[in-house]
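Thank you all for coming. I would like to walk you through a structure that is probably new to most of you, and I will begin with how its parts are counted.

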Amino acid sequence: MDQHPAPSTSSNANQPTTQQRGSLPRRVRIGRWINAILVLLFLLLFPVIIATYHDCAICGMKQTQWRVVGTGWFLSARNQPTSCSDWYRTHVEPQHQHVWVRRTSAGGFDLFGWQVGTWQSGRLASGQFSWLPFGPHTQKQIYQKCPHPAQARTLFLKLARFDKRTGRTINHQDELFTRLNAWIESDLQGPWPFEEADLRLSLSRSPFRK
């Protein structure tokens, strides 16, 4: 009696497709690579830190402040002395409270410290003169040629802040700046173009009030 081997109970059609243990489907691997590339581009191209630039209205020292974009969280600040700030510290006040006036420009940086953007807007500025564009050298000359450094100091403080709700204050600042600018354009020739009443600084409007 012939005996034939029993037919196999398994067939290729019914066998489940097996994968090597630990491997991922190709679609998942490609998706992860795409996500990694998008995250890297975000970190490289999107500014997450904003740098704003300031000047001290009194001595002309410069300062850069770094904050987190969107939240305003303060990270750090760096001061940069100028010819005016060095002169002021030596000849007027060894120490003083800085009055920082923000400029109209700002820079955007990624997480690696690379600059990826620059903004220029009057809305960034602290005051309407943003801030006295003649530079620290001319500011030092104004201190040197005015009757007394205290008068120039008060003038700079009056131009450093303004109340948007008070048209009278803004008009007075415009008048002071016009006279100062005309004196600068004449190479600081002629008498000091301000009277004592022009430079009276009330305590209620002082930038040092608490």
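When I speak of helices and strands, I mean DSSP runs, with at least four residues for a helix and at least two for a strand, numbered from the N terminus. Please keep in mind throughout that this is a predicted model. Counted in that way, the protein has five helices and five strands, and if you follow the chain from the N terminus, the order of the elements is α-β-β-β-α-β-β-α-α-α.

Let me turn to the protein as a whole. It has 210 residues, of which 31% count as buried, and its exposed surface comes to about 14600 Å², with carbon and sulfur atoms supplying 54% of that area. If we take the contacts between residues at least 6 apart in sequence, 58% of them join residues that are at least 24 apart.

Next, a pair of helices. How do the axes of α2 and α3 cross? Helix α2, residues 83-91, and helix α3, residues 135-145, have axes that come within 7 Å and cross at roughly 30°. Because angles under 35 degrees count as roughly parallel, α2 and α3 are described as roughly parallel to each other. On the α2 side the contact is made by Ser83, Cys84, Trp87 and Tyr88, and these meet Pro136, His137, Gln139, Lys140, Tyr143 and Gln144 in α3. Sorted by type, the residues of this contact divide into five nonpolar, four polar and one charged.

One residue of that contact, Cys84, brings me to the cysteines. With a disulfide taken as a pair of cysteine sulfur atoms within 2.5 Å, the count for this model is zero. For cysteine 84, the nearest cysteine sulfur belongs to cysteine 59 and lies 6.7 Å away, and cysteine 84 is in no disulfide. Cysteine 84 is buried, with a relative accessible area of 0%, and cysteine 146, at 7% relative accessibility, counts as buried too.

Finally, I would draw your attention to the segment after α5, the helix that covers 167-185, where we find aspartate 187 and also leucine 188. Aspartate 187 has a positive phi of about 60° although it is not a glycine, and leucine 188, which is not a glycine either, has a positive phi of about 60°. Are these residues buried or exposed? Aspartate 187 counts as exposed, at 58% relative accessibility, whereas leucine 188, at 7%, counts as buried.

Terms used:
Residues numbered from 1 in each chain as written. Predicted model: local features only at pLDDT ≥ 70, side-chain atom pairs only at ≥ 80, totals over all residues. Heavy atoms only, no water. Buried < 20%, exposed > 50% of the residue type's maximum accessible area, 1.4 Å probe, protein only. Contact = heavy atoms within 4.5 Å. Areas by Shrake-Rupley, 256 points an atom, 1.4 Å probe, with all protein chains shown as cover. Axes fitted to C-alpha atoms, helices over the stretch in contact; angles between N-to-C directions. Parallel < 35°, antiparallel > 145°, perpendicular 65-115°, else oblique. Nonpolar A, V, L, I, M, F, W, Y, C, P; charged D, E, K, R; others polar.
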